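Me: I have a sequence and a set of coordinates to read at the bench. Could we go through the architecture together, one question at a time?

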Amino acid sequence: MPNQLQEGILVGCGNPLLDISAIVPMDFLRKYSMNEDDAILAEDRHMPIYGELIESFSAEFLAGGSVQNSLRIAQWILKQPKVAVFFGCVGKDRYAEILEDKARSAGLDVHYQVREDVPTGTCAVLITGTHRSLCANLAAANHFTIDHLADPVNKAVIENAQYYYISGFFLTVNPPSIMQVAQTAHTNNRPFLMNLSAPFISQYYMAPLLAVLPYVDIIFGNEAEAQAFAEAQSWPSGDLREIGKRLVAFDKLNSSRPRIAILTQGCDPVLLFQQDSVQEFPVTRLLAHEIVDTNGAGDAFVGGFLSQFVQGKSLDVCIRCGNYAAGHIIKNPGCTYAGEPQFIE
């Protein structure tokens, strides 16, 4: 059992989405002009996808959204409720009730902003074999406003936190909120962690990403996300090690805490970049029959990492726990877990 931690020590901001998850044939992906392992925002042509999944594919509802997933996993491993607090915007509807119930039952303390004029966001999770493709309709999640953080209760939560985690996905919603949280972390000399989240973030939201990057102490990403960032910066994009080195060397406000980059590569080793060093952390390869789907593996990696990081554990322990959590999630549908965590330092 971990030592008791201060409640609310970890704050996350992101897009709370109800995942609508189903196994679909490849021609369903083609129908909506999607590829395996896509992560995209819904356009008008994608809107029928959610109803079709529910009506035709016996879809399952799961509490989703990248940051909310990561914090749920961290809570599962920590076994202590309300260590993590989540901010995001939902509608005033049944989906929001399902989301909140699932989040709170996972031990998460949620401070949703509620909008009555827009529905709760949803994410279609299309599973084809061991691949998963995501199509998010942000809906209410897209309407988060900075005044929610100014509420005295919420302001106190943010001021009292010791660690902050935000997804790149949130850059599409409310960059001023991200900058405010980043500034709070910087002023109080507390770690601010961020995720590149998806290739489209670097392709279309580079300006807000570059604005917040100087505040980022630890940046996470997978190889596709890192390559998209490199291409958008006109860096050589073929060598992940070179990209990681450039990421940690990028402008940083707090020079007393050099940036760390952590890049995952599926079943290949996780790469940890610190100043001039690169370390590899092997991933335990799963047998084909053990893999249910890869949905949420990246979120779970961060959740496992955070569960150790907020306890002050070394980076190698944090990464090993991240790998453990990702490996566990892959054996379960969506970003779900089963039983008690079995991570051993």
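Me: Is the crossing of α12 and α13 left-handed or right-handed?
Reply: Helices (H or I, at least four residues) and strands (E, at least two) are DSSP runs numbered from the N terminus. A crossing is left-handed if the near helix is turned anticlockwise from the far one by less than a right angle, and right-handed if clockwise. By that convention the crossing of α12 and α13 is right-handed.

Me: Which pLDDT do side-chain atom pairs need in order to count?
Reply: Residues are numbered from 1 along each chain as its sequence is written, and side-chain values use heavy atoms, with hydrogens and water left out. Because this is a predicted model, totals for chains, interfaces and linings use all residues, whereas local features need pLDDT of at least 70 and side-chain atom pairs count only at pLDDT 80 or more.

Me: How do the residues in the contact of α12 with α13 divide by class?
Reply: The axes of α12 and α13, which are lines fitted to C-alpha atoms over the stretch in contact, with angles running from 0 to 180 degrees between N-to-C directions, come within 7 Å and cross at roughly 145°. Taking contact as heavy atoms within 4.5 Å, the residues that meet include F301, F305 and F309 of α12 and I319, I329 and I330 of α13. For the classes, Ala, Val, Leu, Ile, Met, Phe, Trp, Tyr, Cys and Pro count as nonpolar, Asp, Glu, Lys and Arg as charged, and the others, Gly among them, as polar. The contact of α12 with α13 then divides into 14 nonpolar, 5 polar and no charged residues.

Me: How are α3 and α12 oriented to each other?
Reply: The axes of α3 (residues 66-78) and α12 (residues 297-309) come within 7 Å and cross at roughly 45°, and the crossing is right-handed. The contact is made by residues including S66, I73 and L78 of α3 and D299, V302 and L306 of α12, and by class it has 8 nonpolar, 7 polar and 1 charged residues. Angles under 35 degrees count as roughly parallel, over 145 as roughly antiparallel, 65 to 115 as roughly perpendicular and the rest as oblique. The pair α3 and α12 is therefore oblique.

Me: Why are α3 and α13 described as they are, and which orientation results?
Reply: Here α3 and α13 pack with their axes 12 Å apart, at an angle of about 105°. I73, W76 and I77 of α3 meet C321, Y324, A325, H328 and I329 of α13, a contact with 7 nonpolar, 1 polar and no charged residues. From the angle, α3 and α13 are therefore roughly perpendicular.

Me: Which strands form the edges of the open sheet of 5 strands?
Reply: Two strands pair if DSSP finds at least two bridges between them, and this open sheet, with mixed pairing, has the order β3-β8-β7-β2-β4. Within the sheet, β2 (residues 17-23) and β7 (residues 121-128) pair in the parallel sense over 7 bridges, and I23 has I127 as its bridge partner in β7. Helix α2 (residues 48-56) lies across β2, β4, β7 and β8, running at about 60° to β7, while α3 lies across β2 and β4 at about 85° to β4. The strands that pair on one side only are β3 (39-41) and β4 (60-64).

Me: Which residue in the hairpin of β13 and β14 takes a positive phi?
Reply: These strands belong to an open sheet of 9 strands with the order β6-β5-β1-β9-β10-β11-β12-β13-β14, in which β6 (109-115) and β14 are the edge strands. β13 (residues 268-274) and β14 (residues 277-281) pair in the antiparallel sense over 5 bridges, and Q274 stands opposite S277 in β14. Helix α13 (residues 315-330) lies across β12, β13 and β14, running at about 150° to β13. The hairpin has 2 residues between the strands, and the residue with a positive phi near 40° is Q275.

Me: How many salt bridges does the structure hold?
Reply: A salt bridge is a side-chain nitrogen of Lys or Arg within 4 Å of a carboxyl oxygen of Asp or Glu, and E97 and R94 meet in one (3.2 Å, N to O). Being 3 residues apart in helix α4 (residues 94-105), E97 and R94 are separated by about one helical turn. For the structure, the number of salt bridges is 14.
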